[in-house]
Amino acid sequence: MKSDELLHGFARAFGAARPTHRVRAPGRVNLIGEHVDYNDLPVLPMALQLATQVLAAPREDATVRIANAQERYPPREFALTTTLEPSPAGDWVNYAKAAAQLLAREYGATRGADLFVASDLPPAAGLASSSALVVAFALALCAANRLAPDPLGFAERLAAAERFVGTHSGGMDQAIALCARAGHACRIEFAPLRVEALPVPAGWRFVVAHSTVEAHKAAGAREHYNARRADCEGALAQLLASPELSGAPRSYRGLLEHLGAERLAWIAERNLSGRLLARARHQFSEFARVARARRCLIAADLEGFGAVLDESHASLRDDFEVSCAQLDALVEAARASGAVGARLTGAGFGGCIVALAQASDAERLLEGLRERFYARLPSREREFALVAEPGAGAQVSAL
Ligand code: NG1
């Protein structure tokens, strides 16, 4: 949304108050490392050109008022305190409360603000629109309270803070929203958070395309997401009870660093079965793929990176069971249209895919998706496909 439209929206919502700051927090596309961040395993996302913007006017009191350019998110207000009650699941005020409670609890924030929000990120699409919103609210409240926290520590705390909304998520989205670098993808390590920026080769294009199935975290997707995390914990507990692992590290990361993905997969095959075996297998194989993908990115090995994407999709579909018919069809359409590899991205259960192509093939790929996928849908209402531009992290500017 353009600056003057944002200012108009702010004036319509809040009347005379003048915004003093503008915040921009990007969404992201995760290239590889899916459903592993909550086990503290590395991921490799990049920020998008799409973002959530907030105009902020600090207040003298502790009231936080929020308004949104989109009518489906009604105005809300609450007082900034250290203990906030969540509103019913699905209410967008919870994202503001998550940020506000963190700032009051850990940064001593006392001043509220009038906040006007606009976003060009599709919701429930696996592009981290929710974290972009939380990060944008948090930075706006920082500006209102003259706080400038260090991005790494802030990203870690924001990841924990976002669990206020009820999803037991990992820390990828907040980290990339705050720490991304234009032109780069980032390999992110957790506990402690570390970000390694890796240039995206000039001739590569990542295409992001929506399956048109919305994966709402306020509805079923949250239960499915939390269930995957619980499965991972169950698989780990069973694995650690096996005689081969007595005295071994107690976490996925410790085990993988100590024994390697192949050996662990072998031990898992002997000690787990059914669903928990499949979930653990995804953790191990995805860990190995992130390492391979990093090497391919550095060596500008397009085909190699494409193969990693394909393998990740198969693992997410068969072992982690987070795909759906439309995502599988879209991945197929991308492969048939010149992508060197493609997979679902984000939490899955709907949402987007990411496909990799040579720059000269990107238009053909987009055209192929229109013909082979979108044109065959009963409605083209949610059609959404674009070439991702690796963007910068969140920014705050004084007006
Ligand atoms: P999306 O794709 O935005 O729903 C979620 C989690 C991430 C990560 C991915 C799967 C939130 C806020 N984010 O992202 O931490 O676990 O799924 O890799 O729930």
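Start by selecting Asn30 and Glu34, whose side chains are joined by a polar contact of 2.9 Å; the model you have open is a predicted one, and every distance given on this tour is computed from it.

**Asn30 and its surroundings**

Asn30 has its place in strand 1, which runs over residues 21–32, and with a relative accessibility of 0% it counts as buried, because that is under 20%. With Asn30 still selected, turn to Gly33, whose backbone oxygen lies 2.9 Å from a polar atom of the Asn30 side chain. If you then leave aside the neighbours within four places in sequence and display what Asn30 is in contact with, you should find Val43, Leu44, Pro45, Met172, Arg343, Thr345 and Val354.

**The ligand**

Keep Glu34 on screen and add the ligand, since an N or O atom in the side chain of Glu34 is 2.5 Å from an oxygen atom of the ligand. Select Arg28 next, where an N or O atom of the side chain is 3.1 Å from a ligand oxygen, and then Tyr225, which places a polar side-chain atom 2.6 Å from an oxygen atom of the ligand. On its own the ligand has 440 Å² of accessible area, and the protein covers 96% of this. Widening the selection to the residues around the ligand gives 19 of them, of which Glu34, His35, Asp37, Lys217 and Tyr225 come nearest.

**Helix 6**

Tyr225 is also one of the buried residues of helix 6, a group that includes Arg222, Asn226, Arg229, Cys232, Leu236 and Leu240. Select residues 220–240 to show the whole helix, and check its length: at 1.5 Å a residue, its 21 residues should span 30 Å, and the end C-alpha atoms are 31 Å apart, which agrees. Adding residues 252–259, 261–271 and 274–298 brings in helix 7, helix 8 and helix 9, against which the buried residues of helix 6 pack.

Is Ala227, by comparison, buried or partly exposed? Ala227 is found in helix 6, and it is partly exposed, because its relative accessible area of 31% falls between the cut-offs of 20% and 50%. A distance drawn from the C-alpha atom of Ala227 to that of His168, 59 residues apart along the chain, should read 9.6 Å.

**The nonpolar cores**

Now select Leu115, Phe137, Phe154, Phe206 and Phe305, the residues with the most contacts inside the largest nonpolar core, which has 136 residues. Helix 3, at residues 129–144, gives the most to this core, with 12 residues. Centre the view on Phe305 and, not counting residues up to four places away in sequence, display what it touches: Leu31, Trp204, Phe206, Ala293, Cys296, Leu297 and Leu356. Apart from this core lies another, of eight residues, among them Leu6, Phe10, Leu55 and Ala67.

**His210**

The last stop is His210, which is found in strand 8, at residues 204–210, and which is buried, with a relative accessible area of 2%. A polar atom of the His210 side chain lies 2.7 Å from the backbone nitrogen of Thr212. Once residues up to four places away in sequence are set aside, the residues that His210 touches include Pro122, Ala124, Ala125, Leu330, Gly351 and Cys352, together with Phe373, Tyr374, Arg382 and Phe384.

Terms used: Residues numbered from 1 in each chain as written. Predicted model: local features only at pLDDT ≥ 70, side-chain atom pairs only at ≥ 80, totals over all residues. Heavy atoms only, no water. Helix = DSSP H or I, 4+ residues; strand = E, 2+ residues; numbered from the N terminus. Expected span 1.5 Å × (residues − 1). Buried < 20%, exposed > 50% of the residue type's maximum accessible area, 1.4 Å probe, protein only. Contact = heavy atoms within 4.5 Å. Near = heavy atom within 4 Å. Polar contact = N/O pair within 3.5 Å; in protein donor to acceptor, adjacent residues only side chain to side chain. Areas by Shrake-Rupley, 256 points an atom, 1.4 Å probe, with all protein chains shown as cover. Core = buried A, V, L, I, M, F, W, Y, C linked by side-chain atoms within 4.5 Å.
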